[in-house]
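I opened a new model today and kept notes as I went. The entries follow the order of my look-ups.

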Amino acid sequence: MSPKAVKFFTKPLITAIVTGIVGLVVIGPIGTIISNLIASGVHGLNQYCGWLVPALVGGLTPLLVMTGTHYGLVPIGINNRMTIGYDTLIYPGMLGSNVAQGGAALAVALKSRKSEIRQLASSTGITAVCGITEPALYGVNVRFKTPLYAAMAGGGVGGFLIFPITRLPWVWPKSMTAGGAGSWWDFLSITAVRFSPAMAVR
């Protein structure tokens, strides 16, 4: 077997082994520590000014998603749902961020003159509103930067305004549903507010 053929098979194998070990031994533990610190910070902040937490989560979720540290917040939301029946901190803020990400991407779709950008932004914007933000985040918002800032602003505003109604039994944002009397009206009202800053992309 020629050296070129050996390199073709061994190079990806060695790369996978090295990156796997580094990920498990170094990056994984560091990410866990950072996630735990973020979760502790959120929990501590909630003791003094709980209204600020959904706003911060809504505004900073795109940055947390980029690093994967948003998973450190999920157990807090699950614990709230299991113990008190509703979540006032994590899921409302993440829902606000999802909708704002979609609004920013859809704004790009409306304002772009390139057909390929319009197609990408419109499809990823719809999926972001439904809860899958990574395509919009990496494919559109981070790429053009201004939509990312607009989405963070919209998510922060939405998270702040949604706090008074978060004692409704909100579920995981990807389902885009909320239980309780009048919750759909509240959801639609706050969604309009989240879209406003995000759609102001120039």
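Before counting anything, I fixed my term: a residue is buried when its relative accessible area is under 20%. The model is a predicted one.

**Entry 1: the whole chain.** I started with burial. Of the 202 residues in the protein chain, 42% count as buried. Next I looked up the accessible surface. The surface of the protein chain comes to about 10,800 Å². Carbon and sulfur atoms hold 72% of that surface.

**Entry 2: secondary structure.** I asked how many helices and strands the protein chain has. I found eight helices and zero strands. Along the sequence the pattern reads α-α-α-α-α-α-α-α. I then checked contacts with a separation of 6 or more. Residues 24 or more positions apart account for 69% of those contacts in the protein chain.

**Entry 3: helix α4.** I picked α4, residues 90–111. This helix has 22 residues. From its first C-alpha to its last I read 32 Å, close to the 32 Å expected at 1.5 Å a residue. Is α4 mostly covered or mostly uncovered? It is mostly covered, with 19 of its 22 residues buried.

**Entry 4: Q101.** I stayed in α4, where Q101 has its place. Its relative accessible area is 1%, under the 20% cut-off, so Q101 is buried. Which residues does Q101 touch, leaving out those up to four places away in sequence? I listed P62, A128, T133, A136, L137, N141, L148 and A151.

**Entry 5: α6 against α7.** Two of the names on that list, L137 and N141, led me to α6, where both take part in the contact with α7. Helix α6 covers residues 134–144 and helix α7 covers residues 146–162. Their axes come within 4 Å and cross at roughly 100°. An angle from 65 to 115 degrees counts as roughly perpendicular, so α6 is roughly perpendicular to α7. On the α6 side, the contact is made by L137, N141, V142 and F144. On the α7 side, I noted T146, P147, L148 and A151. By class, I have six nonpolar residues, two polar and no charged ones in this contact. L148 and A151 of α7 are also among the residues that Q101 touches.

**Entry 6: S123.** Last, I moved to helix α5, residues 115–129, where S123 lies. Its relative accessibility is 38%, which falls between the 20% and 50% limits. S123 therefore counts as partly exposed. I also looked up its distance to A109. The two are 14 residues apart in sequence and 8.9 Å apart in space, C-alpha to C-alpha.

Notes:
Residues numbered from 1 in each chain as written. Predicted model: local features only at pLDDT ≥ 70, side-chain atom pairs only at ≥ 80, totals over all residues. Heavy atoms only, no water. Helix = DSSP H or I, 4+ residues; strand = E, 2+ residues; numbered from the N terminus. Expected span 1.5 Å × (residues − 1). Buried < 20%, exposed > 50% of the residue type's maximum accessible area, 1.4 Å probe, protein only. Axes fitted to C-alpha atoms, helices over the stretch in contact; angles between N-to-C directions. Parallel < 35°, antiparallel > 145°, perpendicular 65-115°, else oblique. Contact = heavy atoms within 4.5 Å. Nonpolar A, V, L, I, M, F, W, Y, C, P; charged D, E, K, R; others polar. Areas by Shrake-Rupley, 256 points an atom, 1.4 Å probe, with all protein chains shown as cover.
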